[in-house]
Amino acid sequence: QQMWISKQEYDESGGHSGDATLVLPPQDMNEETLSKIRKVCRAVGHALQVSGPFNLQIIAKENNLQVIECNVRVSRSFPFVSKTLEVDFVALATKVILGLHCEPVTPDPMTDSSRIGMKLVEFFFFFLSKEEAQQKED
């Protein structure tokens with residue numbers, strides 16, 4: 001069984017996605033873009049022979065997609081996705097990785113959920129000195 005979850009980030013590309021403001025499920029992405037994202041996710045997962053969750057970062061603009069990163073692991077937003085959609089994806093991923101049978105998740109949490117989640121980033125710059133708070137390259 002395959003399942004895909006798409007979240008939408010609202011920050012300019014270039015920032016670390018773990019520090020991005022995101023909304024789940026996407027609120028203003030059209031169906032053509034979402035369909036293309038599903039196809040890209042399937043193709044990448046199949047090409048890499050992924051047997052569990054993976055994190056694919058895609059830039060989407062005007063229905064044009066560009067894959068910028070793929071991590072064959074879960075992201076920091078995995079618990080956020082589970083809580084928002086009320087599906088224990090950690091338990092499902094564990095079963096998949098162990099080769100155990102998984103019942104299909106119904107209804108589809110991406111299309112049938114009435115819940116919307118938003119993750120905002122909060123930086124505590126007031127704890128830092130002026131020099132520490134300056135943005136620098138790593």
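These legends go with four close-up views of a predicted model. Local features here need pLDDT of at least 70 and side-chain atom pairs count only at pLDDT 80 or more, while totals for chains, interfaces and linings use all residues. Residues are numbered from 1 along each chain as its sequence is written, and side-chain values use heavy atoms, with hydrogens and water left out.

**View 1. Phenylalanine 78 and phenylalanine 89 form an aromatic pair.** The structure holds 1 such pair, counting rings of Phe, Tyr and Trp (its six-membered ring) whose centres lie within 6.5 Å. Here the centres sit 6.4 Å apart and the planes meet at 50 degrees, so we call the pair tilted (stacked is under 30 degrees, edge-to-face over 60, and tilted is the rest). Phenylalanine 78 belongs to helix H2 (residues 78-85) and phenylalanine 89 to helix H3 (residues 89-97), 11 residues apart. Helices (H or I, at least four residues) and strands (E, at least two) are DSSP runs, numbered from the N terminus. Both rings belong to buried residues: phenylalanine 78 has a relative accessible area of 17%, and phenylalanine 89 has 7%. Buried means under 20%, exposed over 50%, and partly exposed in between, using a 1.4 Å probe and protein chains only.

**View 2. Strands S3 and S4 make an antiparallel hairpin.** Strand S3 (residues 55-61) and strand S4 (residues 64-71) are joined by 7 bridges; two strands pair if DSSP finds at least two. Look across the ladder from isoleucine 58 and you'll find valine 67 of S4 opposite. With 2 residues between the strands, the hairpin has glutamate 62 at a positive phi near 55 degrees.

**View 3. Helix H1 carries a salt bridge between lysine 36 and glutamate 32.** The model has 3 salt bridges, each a side-chain nitrogen of Lys or Arg within 4 Å of a carboxyl oxygen of Asp or Glu. For this one, the closest N and O atoms are 3.7 Å apart. The partners are 4 residues apart in H1 (residues 31-47), about one turn of the helix. Lysine 36 is partly exposed at 31%, and so is glutamate 32 at 45%. Another of the salt bridges joins glutamate 31 to arginine 38, at 2.5 Å from N to O.

**View 4. Glutamate 86 and arginine 115 meet in a salt bridge.** The N to O distance is 3.3 Å. Glutamate 86 lies in the loop between H2 and H3, and arginine 115 in the loop between helix H4 (109-112) and strand S5 (117-119), so the pair ties together parts 29 residues apart in sequence. Glutamate 86 is exposed at 59%, whereas arginine 115 is partly exposed at 35%.
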